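Grab a pencil and have a look at the model below. Try each exercise yourself before you read the worked solution.

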Amino acid sequence: MPESHKAERRRVMKANREAGIGDETGRIVREKEPPKMMSCTTCKLEFRCTKTNTELKKHAEGKHAKANYEDCFPGAEAIRTAALGNTEKEGKSDKKGTELTKAQRKAKAANNMDDLLSDGLSAAPKKKFGKK
């Protein structure tokens, strides 16, 4: 009879304890890297630096119209490219450039549905059942 997931996990944790890996129960603890924070040079507000930096860009455009994005957050693009480089190493973005955006996928689906509906409505008239 095959081993349950719970039993398999216990077996692995016991092997980890015997090998001295992980904590005292045998669990492997992974520590996350703290998020990279950037502060606006104009108003000193802190924002999390992400792959797209949308919050940073919106803040620069909305709060400081005279200053541009690079003036408010110097070095943000370098951190962004480093973050994008890390995801490519992990293999998360295999099809870079060939993917459609969410809006493009919705538009394509809507066009396909319109085509299907128009084809269905303009088809030959239905056969009538019953006496002729």
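Here are five short exercises on this model, which is predicted.

**Exercise 1. Find out how many helices and strands the protein chain has, and in what order they come.**

Start with the count: the protein chain has 5 helices and 2 strands. Now walk along from the N terminus, and you'll meet them in the order α-β-β-α-α-α-α. Next, look at how much is tucked away: of the 132 residues, 12% are buried. Finish with the outside, where the accessible surface is about 11800 Å² and carbon and sulfur atoms supply 55% of that.

**Exercise 2. Check the length of helix α1 against what its number of residues should give.**

Begin with the limits: helix α1 covers residues 5–19, which makes 15 residues. The expected span takes 1.5 Å times one less than the number of residues, so α1 should reach 21 Å. Now compare that with the model: the C-alpha atoms at the two ends are 21 Å apart, in agreement. Right after α1 comes Gly20, with a positive phi near 80°.

**Exercise 3. Work out how many disulfides there are, and where Cys40 stands.**

First the cut-off: two cysteine sulfur atoms must lie within 2.5 Å to count as a disulfide. Try it on Cys40, whose nearest cysteine sulfur belongs to Cys43, 3.7 Å away. That distance is over the limit, so Cys40 is in no disulfide. Over the structure, the count is 0 disulfides. Cys40 is still well worth a look: its relative accessible area is 0%, so it is buried. Cys49 is buried too, at 11%.

**Exercise 4. Trace the largest nonpolar core and the aromatic pairs.**

Step one is the membership. The largest nonpolar core has 10 residues, including Met38, Cys40, Cys49, Leu56 and Ala76. Two elements, α2 (54–63) and α3 (69–72), each give two or more residues to this core. For a closer view, pick Ala76: beyond its neighbours within four places in sequence, Ala76 touches Met38, Cys49, Asn53, Leu56 and Tyr69.

Step two is the rings, where a search turns up 2 aromatic pairs. Phe47 and Phe73 form an edge-to-face pair, with 5.8 Å between centres and 85° between planes. This pair ties together distant parts of the chain, since Phe47 sits in strand β2 (residues 46–48) and Phe73 in the loop between α3 and α4 (76–90), 26 residues apart. The other pair, Tyr69 with Phe73, is tilted, at 6.5 Å centre to centre and 50° between the planes.

Step three puts these together: Phe47, Tyr69 and Phe73 are linked by ring pairs into a cluster. How buried are Tyr69 and Phe73? Tyr69 has 14% relative accessibility and Phe73 has 0%, so both count as buried.

**Exercise 5. Compare Lys44 and Asn53: which is buried and which is exposed?**

Kick off with the backbone. Most residues other than glycine have a negative phi. Lys44, however, has a positive phi near 65°, and Asn53 has a positive phi near 55°.

Then place them. Lys44 is in the loop between β1 (37–39) and β2, while Asn53 is in the loop between β2 and α2.

Last, check accessibility, where under 20% is buried and over 50% is exposed. Lys44 has a relative accessible area of 59%, so Lys44 is exposed. Asn53 has 0%, so Asn53 is buried.

Notes. Residues numbered from 1 in each chain as written. Predicted model: local features only at pLDDT ≥ 70, side-chain atom pairs only at ≥ 80, totals over all residues. Heavy atoms only, no water. Helix = DSSP H or I, 4+ residues; strand = E, 2+ residues; numbered from the N terminus. Buried < 20%, exposed > 50% of the residue type's maximum accessible area, 1.4 Å probe, protein only. Areas by Shrake-Rupley, 256 points an atom, 1.4 Å probe, with all protein chains shown as cover. Core = buried A, V, L, I, M, F, W, Y, C linked by side-chain atoms within 4.5 Å. Contact = heavy atoms within 4.5 Å. Phe/Tyr/Trp six-rings, centres within 6.5 Å; stacked < 30°, edge-to-face > 60°.
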